[in-house]
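Visitor: Hi, I've just loaded this one and would like a quick tour. Can I throw questions at you as they come up?

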Amino acid sequence: MNETSQFVLFPLGRKRFALPAEQVTELARMDYVHDFPSNTRLVNGVLLRRGEVIPVYDVAQVLVGDDAPTRKFYLIAKRKFETVEERTAIPVSGDCELTSSVLLPPTGKLAVYVAGLLSLEKEIVEVIDLEKLTSEVTQ
Amino acid sequence: MRPLRRNQRKPRVHGHAVILFTIGETTFAISASAVSEIQSLAEMKSIPQRQFGKVRHTLEREGRRYWVVDANVQFGILPTHSSRVLLLSESPVAVKVDGIERMTEIVRMLPLPKAFQGDEQNWYAGLAVIDGKVMPVVNPAGFLSHHELNALEESELRMVQTAETAEATA
């Protein structure tokens, strides 16, 4: 059965990716990143937003490699750690868009963190599974 | 009607005293109760056999020997100009840092976000917001594990025994 779901499309340079809309809580302007030593890959520091500490998770390095463009906004999304849910700021390079589409199953050659594909009017967009992306980079 | 008391103050929120110290451009906090003394580097002695890269010196204080952890190595910060050593109160561990910024109080400590999955989970007890800046509050037990401390003690014991044997045979 082809059920339509909502997704948030976010750009990283010329390419767009998507997250399930229920995972996204906010789109925020660039803000000061408080950084301190850590050795978790892709976590660049934290944002302080209304008293909440939000880790910055820069997925561009994995999704578009060294060509990662200048990031202009943060897409703030929920991540689940066992029983705990936490918000994460994902730097993105431009405006985000809400769309409704059918999630198509990923094909064999895609990265393991691609949860599925969205076939939009002019593009095919990869839907990212943040948990799988994290375990992929920590391996 | 009772007159308003001019000196009536808001109840004071009691915080937790912390010492702010710096390594390079990063400011860290440590619970003041975890530090027994702050020293200069003058009394540090080099360790001839280095078991761990982060421990290169010892320091004697009131008959007690402290293993000095180089905080730059611990936190993966490039070498900077160290000038102070924090002697920890609960273990024979001292921490070499660039300098002491000041003492202050924090009202609450925030947990380290779960997104941080590396060694920092052991390095930090949590985060504090001080003057609008997020700072890591170091975990005093995270500088040297029991296993590392035992290994250092054993290695020193072996060195003493070897020196005594050499002396006896001379």
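Visitor: Let's start small: which residue is the bridge partner of A:Leu117 in β10(A)?
Guide: That's A:Glu126. Before we go on, keep in mind that this is a predicted model.

Visitor: Noted. How do β9(A) and β10(A) pair, parallel or antiparallel?
Guide: Antiparallel, over 5 bridges, with β9(A) covering residues 114–119. The two strands form a hairpin, and 4 residues sit between them.

Visitor: And what is opposite A:Leu104 in β9(A)?
Guide: A:Leu117 again, the residue you began with. The strand on that side is β8 of chain A, residues 97–104, and its pairing with β9(A) is antiparallel over 2 bridges.

Visitor: What about β2 and β10 of chain A, how do those run?
Guide: Parallel. β2 spans residues 15–20, β10 spans 124–128, and 2 bridges join them. A:Ala18 has A:Val127 as its bridge partner in β10(A).

Visitor: So what do these strands build, an open sheet or a closed barrel?
Guide: A closed barrel of 5 strands in chain A, in the order β1-β2-β10-β9-β8, with mixed pairing. From one strand to the next, the twist averages 50 degrees.

Visitor: Switching to backbone angles. What is phi of A:Leu42?
Guide: Near 75 degrees, so a positive value in a residue that isn't glycine. As a rule, most residues other than glycine have a negative phi. A:Leu42 lies in the loop between β3 (24–29) and β4 of chain A.

Visitor: Why does A:Leu42 count as partly exposed?
Guide: Because it has 18 C-beta neighbours inside 10 Å, and a residue needs 20 or more to be buried.

Visitor: And phi of A:Glu82, what's that?
Guide: Near 50 degrees, again positive in a residue other than glycine. A:Glu82 is in the loop between β6 and β7 of chain A. It counts as exposed because there are just 6 C-beta neighbours inside 10 Å.

Visitor: On to the interface. How many residues of chain A are in contact with chain B?
Guide: 18 residues of chain A, and they meet 18 residues of chain B. On the chain A side, β4 (43–49), β5 (52–57), β6 (73–81) and β7 (84–92) each supply at least two residues.

Visitor: What's the chemistry of that side of chain A?
Guide: Its residues divide into 10 nonpolar, 6 polar and 2 charged.

Visitor: Now the packing. How many residues are in the largest nonpolar core?
Guide: 71, and those with the most contacts inside it are B:Ile30, B:Leu86, B:Ala94, B:Val95 and B:Val137. Strand β1 of chain A, residues 4–12, gives the most to this core, with 5 residues. In general, nonpolar side chains tend to be buried together in soluble globular proteins.

Visitor: What does B:Ile30 touch?
Guide: Leaving out residues up to four places away in sequence, its contacts include B:Val18, B:Ile19, B:Phe21 and B:Val35, along with B:Leu86 and B:Val137.

Visitor: B:Leu86 came up twice there. What stands opposite B:Leu86 in β8(B)?
Guide: B:Val95. The strands involved are β7 (residues 84–88) and β8 (residues 93–97) of chain B, which run antiparallel with 4 bridges joining them.

Visitor: Which sheet of chain B has those strands?
Guide: An open sheet of 6 strands with mixed pairing, ordered β3-β7-β8-β6-β5-β4. Its edge strands are β3 (35–39) and β4 (44–46), each pairing on one side only. Neighbouring strands are turned by 30 degrees against each other on average, direction ignored.

Visitor: Any helices worth a look? How far does α3 of chain B reach?
Guide: 35 Å from its first C-alpha to its last, close to the expected 34 Å, over 24 residues (146–169). α3(B) is hardly covered, with a buried count of 1 among those 24 residues.

Visitor: Last one: where is B:Gly142?
Guide: In the loop between β11 (133–138) and α3 of chain B. It counts as partly exposed because it has 16 C-beta neighbours inside 10 Å. Leaving out residues up to four places away in sequence, B:Gly142 touches B:Asn122 and B:Trp123. B:Gln74 is 68 residues from B:Gly142 in sequence, yet their C-alpha atoms are 9.4 Å apart in space.

Terms used. Residues numbered from 1 in each chain as written. Chains lettered and ligands numbered in written order. Predicted model: local features only at pLDDT ≥ 70, side-chain atom pairs only at ≥ 80, totals over all residues. Contact = placed C-beta atoms within 7 Å. Nonpolar A, V, L, I, M, F, W, Y, C, P; charged D, E, K, R; others polar. Core = buried A, V, L, I, M, F, W, Y, C linked by C-beta atoms within 7 Å. Buried ≥ 20, exposed ≤ 12 C-beta atoms within 10 Å, placed from the backbone. Expected span 1.5 Å × (residues − 1). Pairing = 2+ DSSP bridges. Axes fitted to C-alpha atoms, helices over the stretch in contact; angles between N-to-C directions.
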